[in-house]
Amino acid sequence: MPVDRDRYRALCGAFPTGVTIATTVDATGAPKGLTTQSFIGLSTEPPLMLVAVDKTSRTLSALRHTQKFVINFLKLGSEEISTLFASKAANKFRGFTWDASSIAGGAPILRDNVVAFAECVVVQTIEAGDHFIFVASVEGGELLGGIPLMYYQRTYAPWPKEEPTPPIG
């Protein structure tokens, strides 16, 4: 019998991950995006990335339509934008600037909030449980530098996260 949802989340939370925002545009060209830790650098030859998107995500239909996206690797200090993109807010892009990727069909590049970004074109989609997995060819990207934002045990942290000093005695 599989573990329950709470145990599963605790198990996954035991592994620190980088925080990313996957962005795309819908059929009208409106920007869409979501915060995700379900990202993997899948292959170097050819260069492939994988992102998993929950079936209830408001960004899913846009991703399935355009078949292009940008993975924005968040930098330290971007906790607020990560929380915004993890929400169900209607207009997540209001109030800050972004560049449109010419490679990924106009998908937003969040330069001010990232250490790097990858511009991707979907080559395969797989339905898996309550998610769709998008495997994509990395067609462009840039390293911008900075300290990455990490997520560990349901909290944001810089990398490396400092461990608390154990009590004496």
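**Figure 1. Helices and strands of the whole chain.** The protein chain of this predicted model has three helices and twelve strands. Its radius of gyration is 16 Å, close to the 15 Å that the globule rule gives for 169 residues, so the chain is as compact as a globular protein of that length. Taken along the principal axes, the C-alpha atoms fill a box of roughly 60 × 40 × 40 Å.

**Figure 2. An open sheet of seven strands.** Follow the strands across this sheet and you will read the order β3-β2-β6-β9-β10-β5-β4, with antiparallel pairing. At the edges stand β3 (31-36) and β4 (39-44), each of which pairs on one side only. Neighbouring strands of the sheet are turned by 30° against each other on average, ignoring direction. Helix α3 (residues 79-86) packs on the sheet, where it touches β2 (20-25), β3 and β6. The direction of α3 makes about 110° with that of β3.

**Figure 3. Strand β9 and its partners β6 and β10.** Here we look at β9, which covers residues 114-128. Seven bridges pair β9 with β6 (residues 68-74) in the antiparallel sense. To find your way, look for I71, which stands opposite A118 in β9. Strand β10 (residues 131-143) also runs antiparallel to β9, and twelve bridges join these two. A good landmark in this pair is C120, opposite V138 in β10. The hairpin of β9 and β10 has two residues between the strands, and G129 takes a positive phi near 60° there.

**Figure 4. Strands β4 and β5, with a cis peptide bond in the loop.** Strand β4 pairs with β5 (residues 47-54) over five bridges, in the antiparallel sense. One bridge to spot is that of F39, whose partner in β5 is V51. Now look at P46, in the loop between β4 and β5. The peptide bond from E45 to P46 is cis, with omega near 5°. Most peptide bonds are trans, and most residues other than glycine have a negative phi.

**Figure 5. A positive phi at Q67.** This view shows the loop between α2 (60-66) and β6, where Q67 is found. Phi of Q67 is near 65°, a positive value in a residue other than glycine.

**Figure 6. A salt bridge between E127 and K55.** Side chains of opposite charge can pair when their charged atoms come close. A search of the whole structure finds three salt bridges. In the one between E127 and K55, the closest N and O atoms are 2.5 Å apart. E127 lies in strand β9 and K55 in the loop between β5 and α2, so the pair ties together parts that are 72 residues apart in sequence.

**Figure 7. An open sheet of three strands.** This sheet has the order β1-β11-β12, and its pairing is antiparallel. Because β1 (17-18) and β12 (155-158) stand at the edges with a single partner strand each, one side of each is left without a neighbour in the sheet. Two bridges link β1 with β11 (residues 149-152). Look for T17 opposite Y151 in β11.

**Figure 8. A nonpolar patch on the surface.** Three residues, V3, Y8 and L11, make a nonpolar surface patch of about 320 Å². L11 has its place in helix α1, which covers residues 5-13.

Key. Residues numbered from 1 in each chain as written. Predicted model: local features only at pLDDT ≥ 70, side-chain atom pairs only at ≥ 80, totals over all residues. Heavy atoms only, no water. Pairing = 2+ DSSP bridges. Helix = DSSP H or I, 4+ residues; strand = E, 2+ residues; numbered from the N terminus. Patch = residues over 30% accessible without salt bridge, like charges linked within 9 Å, V, L, I, M, F, W, Y side chains within 5 Å. Areas by Shrake-Rupley, 256 points an atom, 1.4 Å probe, with all protein chains shown as cover. Salt bridge = Lys/Arg side-chain N within 4 Å of Asp/Glu carboxyl O. Axes fitted to C-alpha atoms, helices over the stretch in contact; angles between N-to-C directions. Contact = heavy atoms within 4.5 Å. Rg over C-alpha atoms; globule rule 2.2 N^0.38 Å.
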